[in-house]
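Colleague: Could you take me through one part of this model in some detail? I would like to hear about the second largest pocket and what surrounds it.

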Amino acid sequence: KFRAIFADRDGNPAAFIMFHEMTPTTLAASLLATDRWLDVVRPLMRWGISLFRPQALELGYKRCECRTLAGHEEAINFLERFGFRWELDIPDFGRNGEMFRQFAWRFSDHVYFFQSQNAKNAGAAEAPPERGRVRNA
């Protein structure tokens, strides 16, 4: 459905991000990257916020899931900045029994993002959502 390749300063591919449909309302996100992926985090974030999110919402997607190795702090920070929220830990998920963390963004997360931006533009203050565990609705 959605995909993009990001190159480092030397023009070498550094990251490939893709989203595929799990259900009619849910996408799965994958990021394949080299050790130079941190060189392309900013353009990747801009693409995600300005192009991916609005198009996914317009097409009716309400949720996107992603998993990463527990303890991979760079990936976890990236996911959180992208708008994903931690949901649960998955023990023994990796090839050698490593624990993975599942993250997701939900439609309501994005409604909050856009509403808070509109409120900020209007001069109103709004409390940020809690970080961490997503409550089951």
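Modeller: Gladly! Let me start with the residues that line the second largest pocket: 13 are nonpolar, 4 polar and 3 charged. That lining is made up of 20 residues, and those nearest the pocket's centre are Leu31, Leu32, Thr68, His72 and Ala75. The space inside comes to about 430 Å³. Please keep in mind that this is a predicted model.

As for where the walls come from, at least two lining residues are supplied by each of β2 (13-23), β3 (26-33), β4 (63-69) and α2 (73-82). To place these elements, the chain runs β-β-β-α-β-α-β-β-α from the N terminus, with 3 helices and 6 strands in total.

Strand β3 deserves a further look, and Thr26 is one of its residues. Thr26 has a relative accessible area of 9%, and it counts as buried because that value is under the 20% cut-off. Leaving aside residues up to four places away in sequence, Thr26 touches His20, Glu21, Tyr61, Arg63 and Glu65.

Now for the wider setting. The chain has 137 residues, and 36% of them count as buried. Its accessible surface is about 8900 Å², with carbon and sulfur atoms holding 52% of that area. If you take the contacts between residues at least 6 apart in sequence, 56% link residues at least 24 apart.

Note on methods. Residues are numbered from 1 along each chain as its sequence is written. This is a predicted model: local features need pLDDT of at least 70, side-chain atom pairs count only at pLDDT 80 or more; totals for chains, interfaces and linings use all residues. Side-chain values use heavy atoms; hydrogens and water are left out. Helices (H or I, at least four residues) and strands (E, at least two) are DSSP runs, numbered from the N terminus. Buried means under 20% relative accessible area, exposed over 50%, partly exposed in between (1.4 Å probe, protein chains only). Contact means heavy atoms within 4.5 Å. Accessible areas come from the Shrake-Rupley method with a 1.4 Å probe; for residues, only the protein chains shown count as cover. On a 1 Å grid over the protein atoms alone, a cavity is a set of points where a 1.4 Å probe fits but cannot get out, and a pocket is an open set with protein on both sides within 12 Å along at least five of seven lines; lining residues have an atom within 4 Å of a point. Grid points are joined across faces, edges and corners, and a volume is the space filled by probe spheres set on the points. Ala, Val, Leu, Ile, Met, Phe, Trp, Tyr, Cys and Pro count as nonpolar, Asp, Glu, Lys and Arg as charged, and the others, Gly among them, as polar.
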